[in-house]
Structure formats: C-alpha cells, structure tokens
Amino acid sequence: MLENRVLIMRVLLPFVAGYYLSYLFRTINGLVAAPLTLELGFAAGDLGLLTSAFFLTFAAAQIPVGVLLDRYGPRRVQSALLVAAASGAALFAASDDFYLLLAARALMGLGVAGALNAGLKALVVWFPSDQLPLLNGFMLMLGALGAVTACQPICCLP
C-alpha cells in the first residue's frame, strides 16, 4: 500500500472528497431547517420540497451519469459535476428566494450524483484489483464521515 502513496493522494482522496461532499449535502438540511424557517418563514412543506429537489435530481441523474462515466471517464465527469455542486452551494448561500433555493438544491443533487460511482470507477481504473476491496472500504468509510460532520454542530448545542 505504501508504494501507492502517490496514487492514493492523487486518485483516492479527491474522489473521497467528492463522496464526502455528497453525504454532507444529503444531511445538511437538518442543520439549516431552523434558520430557513425562522429567517425566511418556510413551512414544513417548503423544507420537504427543498430536500426532495436534491434527491429527485440525484436519482434522475444516475443513468446519464453512468453512461458519461463509461464514455468520458471518472475524472472529467466528476470534475464537471462538482462544478455544478459548487455552483448550487454558492447559489443556496446567496439566495433568500424559495425558487432559487429550490434550483440550488437541485444543482447540488445533480453535482454529487456521480460521486460514489465515479470514485469506484477511478479505483478500478488506477489501482490493482487485489487492493480494490480495501480501497472501496476506505472510500465508503471516509465519505460517510460527511453525515457525521454535518451533524456535529447540532450535537454540540446545549
């Protein structure tokens, strides 16, 4: 494993970061629900629609993203998708209009839709097959920390 340090730094960790972001975006609505309700006056249905916009675009993008991954490779596809995710996050941060927030959540869902599959495909392309089970486990474990860190600020409140 030590002989693959360069590959781990250049291949595994960037894709893990994308998958981490995917998990973070999935669970962050629980953290921002109270400020959205208090500051913008959103009802529970509005928050549910914001959450579902993320998951609907995430789900709708799975097949097209898979085709693009096979055709263009994980590096190009995931790079473009993460630009969409970053654009969605920036739009969400700058918006106070419900429809802009809805579009932002949809962009974030699209942007992280291929994070896991792109990472797994990159591992298959760049690493020897005998190391794939361990690396896949690392990818899933480190990416899932996104859910843990999204919860962290809430867990520390008195």
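**An all-helical predicted model, followed along helix H5**

The protein has 8 helices and 0 strands, where helices (H or I, at least four residues) and strands (E, at least two) are DSSP runs, numbered from the N terminus. This is a predicted model, in which local features need pLDDT of at least 70 and side-chain atom pairs count only at pLDDT 80 or more, while totals for chains, interfaces and linings use all residues. Residues are numbered from 1 along each chain as its sequence is written, and side-chain values use heavy atoms, with hydrogens and water left out.

From the N terminus on, the order of elements is α-α-α-α-α-α-α-α. Along its principal axes, the C-alpha trace spans about 55 × 40 × 20 Å. Of the 158 residues, 37% count as buried; buried means under 20% relative accessible area, exposed over 50%, and partly exposed in between (1.4 Å probe, protein chains only). The accessible surface comes to about 8700 Å², and 70% of this surface belongs to carbon and sulfur atoms. Such areas come from the Shrake-Rupley method with a 1.4 Å probe, and for residues only the protein chains shown count as cover.

Two further totals describe the whole chain. Contact means heavy atoms within 4.5 Å. Among contacts between residues at least 6 apart in sequence, 75% join residues at least 24 apart. The protein has 8 positive and 7 negative charges, and the mean positions of the two sets are 15 Å apart. In this count Lys and Arg are positive and Asp and Glu negative, whereas His and the chain ends are not counted. Each charge is placed at NZ of Lys, CZ of Arg, CG of Asp or CD of Glu.

Helix H5 offers a route into the interior. H5 covers residues 74-94, has 21 residues and reaches 30 Å from its first C-alpha to its last, close to the 30 Å expected at 1.5 Å a residue. The expected span is 1.5 Å times one less than the number of residues. Its buried residues are Pro-74, Val-77, Gln-78, Leu-81, Ala-84, Ala-85, Gly-88 and Phe-92. Seen down the axis of H5, these buried residues fall within an arc of 120°, so they line one face of the helix; the arc is that of the directions from the helix axis to the C-beta atoms. They pack against helix H1 (5-27), helix H2 (29-40), helix H4 (62-72), helix H6 (98-111) and helix H7 (115-126).

Gln-78 illustrates the covered side of H5. This residue is buried, with a relative accessible area of 4%. Leaving aside neighbours within four places in sequence, Gln-78 is in contact with Phe-15, Gly-111, Gly-114, Ala-115 and Ala-118. Of these partners, Gly-114 is found in the loop between H6 and H7 and counts as buried because its relative accessibility is 1%. Not counting residues up to four places away in sequence, Gly-114 touches Val-65, Gln-78, Leu-81 and Gly-119. By contrast, the C-alpha atoms of Gly-114 and Ser-129, 15 residues apart along the chain, are separated by 22 Å.

The face of H5 turned away from its buried side carries the exposed residues Arg-75, Arg-76, Ala-80, Val-83, Ala-93 and Ala-94. Val-83 is exposed, with a relative accessible area of 53%. Its C-alpha atom is separated by 9.4 Å from that of Met-108, and the two residues are 25 apart along the chain.

On one side of H5 in sequence, Tyr-72 lies in helix H4 and counts as partly exposed at 44% relative accessibility. The C-alpha atoms of Tyr-72 and Ala-53 are separated by 27 Å, although these residues are 19 apart along the chain. On the other side, Asp-96 is found in the loop between H5 and H6. Asp-96 counts as exposed because its relative accessibility is 58%. Asp-96 and Leu-36 are 60 residues apart in sequence and 8.9 Å apart in space, C-alpha to C-alpha.

Beyond that loop comes H6, which has 14 residues and reaches 20 Å from its first C-alpha to its last, close to the 20 Å expected at 1.5 Å a residue. The buried residues of H6 are Phe-98, Leu-101, Leu-102, Ala-104, Arg-105, Ala-106, Met-108, Gly-109 and Gly-111. Their cover includes H1, H2, helix H3 (44-60) and H5.
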